[in-house]
Each structure stands twice: as C-alpha cells, then as structure tokens.
Amino acid sequence: MKELNESELFEISLDHLKDIDVFPFHLYVFNPNKKSYNLYLEANTPLTDQKLTFIQYILQRKGKVAISNGQKQTFLSHMNYEDKDIPSLTCPQLGSSEVKAEAKIVIDFDFEDEFVSADKENDYSRLISQMKTEVSGFSQKMSHTISLARYLIENLCDEDNFTNRVVCLSYFLAKEIELKDTASLGDIIVSSYFYHIGFTQLDLKHCSTPSLTMGERMGHENKKHLGLSQHLIRKSGVDISSRAKKIVNEHHERVDGNGYPNHKSKYNIEPLALVLGAASHLIEFSSGLIDGNKQRILPLIKIYEKGERKPGLETEFGEHIIENLVNFVKKEIKTEAA
Ligand SMILES: [Fe+2]
C-alpha cells in the first residue's frame, strides 16, 4: 500500500467530500497506531458505504483523511473549493464558520451537565436551543441533505416535544462518539425527523401503545413502520443522502444480530443507525412507550453502567455508544458514590 509523509499531504474532513461517491483523486487515511498515511481509496473508485464506515471508524480513533499535495488542484477544482475553504491549507484562525461554531461549542456548552439537568427537570429546551444555534451555522452549499437538516431545524425545532427530543439526543450522541462532521450531523438530523414517518400509515394506537403490552400480532404489524418509512421517503422524492436512508432503515438493527429487518450485526450496521436506535429507544422509554411508565433517562443509563437488565430496556447498541451514554452521567454517579 502506497505511503506518504505528513508533509506530502493536506488534511480534509468528510464534509469536504460532500455527497459525491467517485473522485478523480486518491484518498489517504492516517492510521494513528502506525503513525503513517496510507493510500485507502484510489482515484475513480466508488466510496461505498462500507468504505465510508471504515473511514468514520478511523476518524473516531483519532485518524485523519488527506489528499496528496500533488493532487491539490484536482481536488479543489473538482470539488469547487478554494484554499480558504480547507482549514489545513490556511491559517486555522481564519477557518470556516463551522470551525468557529465548533470552538463555541467547546467553550460555552457542556453537554454532559446540560443533559443531566434536562433529564432531572424534564425540560430539553436548552439542549434543543443549543442544537438550533449550532445547526444554524451549517453551510447551505455543501449538500442537499445538510441544507434540508438546517431547514428542518429552523422550521420545526421551536418546542420541547417528543420528536425534537429524539432529534436532539441523536444529534448530541453522534457528536459524543466523534461523528461530528457536518455531513454526519446533517444525516442524523434528517433521518431522526423521518425515521418514524411510516407510522402515519398505521393505526394510531401504534403510536401510543407501550411495546411490552403489544400482542404478537400488533408487534409484528408495528415492525412494518420501517418499510413504510422507506416507501414514503422514496415516493415523496425528497432528496436525501443514501446514508440518511440507511439510518432510517437500520435504526432497529442491534449489534448482537437480534434486531430487524435484516438481523445485521456489529460493524455491518451503519454507526449512526445505532445512534438513532439508542437515542430514540431512551426517549421512547422515558415517554412511557416501552413499559407504560414515564421515567427519567439517567436511572436507565445507570442500569447500563451497572451491567444490569430491565424488562424492555435494550442494550445492544455497541460498546462505544454505551460507554458514551455512561459518560453522560459519570459525574452524578461519582457524586452518589462519595
Ligand atoms: Fe422505529
């Protein structure tokens, strides 16, 4: 595999690849374990979902994506960028609005504290407001899905309701597991607004009956919401990324292979689908839609922390997501133990 030194490349983010699948330039990835850059995707080779998932995996573990300096002009002209659009080609202080927004998040907002407070007070207003502020800074030039995410947030994210809680927890959980490039956040926002649109085609009782009290027939019927959501998205003609569609389709897949519709397991599942699966499950549980009892999320996460079980409480979202959920409440757990 061809290797290059760090000085021979410039770093890009996944955002910079937009929704395009084939490029006239090579993609290199930095492997933090080997501390070297290797050729990962040759020019004119499709960036498949599987390859994209691997790059996300590398990025979550302090890896990087880069282009060789020799192909800089090919990259800039094909993707319609200038040097100033790529932070690694410019002075970091002069980066894009996304870079500035990221700095603001780190300095001004502690998600862990805010989430504990939101759960205790049963009020997600501040979290929802923070998400809206951040997403309002997304560029509208990068992809249709990112523009749509921004549009949905600006027009639907004005109140603390069930849907906005699912979107909000999915959004921040994606960031916590380092899937925080704008393309990933755009995909998780759009998919978490659309993931249950299929329920509009089922009897209303499916939206209010706790899943543990559903009989076999109703439970079977309930699973049809996946295919119906997929169908409505396709028929509506709404232009969203293939990954956003995949997140919708896979949000009930679980890493142990016991999910549905395709019993996928571990790394075969789109990571953001597990994010949406975990976030929506916890919001549904807290809203009484699993066992009929409205309850706070923090005690549910403490069950994960202790490795215990509770009827209806799903756990198979993958080690990385469970670890990050437990991190949400680690301060509170330490305080209680003291
Ligand atoms: Fe669902």
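**Exercise 1. Following the sheet**

How many bridges join strand 1 to strand 4, and do the two strands run parallel or antiparallel? Then work out the order of the strands in the sheet.

*Solution.* Keep in mind as you go that you are looking at a predicted model.

Step 1. Start with strand 1 (residues 3-4) and strand 4 (residues 36-41): two bridges join them, and they run antiparallel. To see one of these pairings, find L4, whose bridge partner in strand 4 is Y37.

Step 2. Move on to strand 3 (residues 27-31), which is joined to strand 4 by five bridges, again in an antiparallel arrangement. Here V29 has N38 of strand 4 as its bridge partner. Strand 3 and strand 4 make a hairpin with four residues between them. In that turn, look for K35, which has a positive phi of about 55°.

Step 3. Strand 3 is also joined to strand 5 (residues 64-68), by three bridges, and these two run antiparallel. Y28 is the residue to look for, standing opposite A66 in strand 5.

Step 4. Now put the pieces together: the open sheet has five strands in the order 1-4-3-5-2, with antiparallel pairing. At its edges are strand 1 and strand 2 (9-12), each pairing on one side only.

**Exercise 2. Two packed helices**

At what angle do helix 5 and helix 6 pack, and how far apart are their axes? Decide which word describes their arrangement.

*Solution.* Two packed helices are described by the angle between their axes and the distance between the axes.

Step 1. For helix 5 (residues 125-135) and helix 6 (residues 144-156), the angle is about 140° and the axes are 10 Å apart.

Step 2. Angles over 145 degrees would count as roughly antiparallel. At about 140°, helix 5 and helix 6 are therefore oblique to each other. Helix 5 passes helix 6 in a left-handed crossing.

Step 3. Find the residues that meet: M131, K132 and V135 come from helix 5, while A149, R150 and I153 come from helix 6. Sorted by class, this contact has four nonpolar and two charged residues, and no polar ones.

**Exercise 3. Checking the confidence**

Which element of the protein chain has the lowest mean pLDDT, and which the highest?

*Solution.*

Step 1. Take the whole chain: its mean pLDDT is 87, and 92% of its residues reach 70 or more.

Step 2. Compare the elements: helix 3 (residues 97-108) has the lowest mean, 42, and helix 12 (residues 271-286) has the highest, 96.

Step 3. Look at residues 92-107, where pLDDT stays under 50. For this stretch the model has 15 contacts beyond four places in sequence.

Definitions and conventions
Residues numbered from 1 in each chain as written. Predicted model: local features only at pLDDT ≥ 70, side-chain atom pairs only at ≥ 80, totals over all residues. Axes fitted to C-alpha atoms, helices over the stretch in contact; angles between N-to-C directions. Parallel < 35°, antiparallel > 145°, perpendicular 65-115°, else oblique. Left-handed = near helix turned anticlockwise from the far one by under 90°. Contact = placed C-beta atoms within 7 Å. Nonpolar A, V, L, I, M, F, W, Y, C, P; charged D, E, K, R; others polar. pLDDT = per-residue confidence, 0-100. Pairing = 2+ DSSP bridges.
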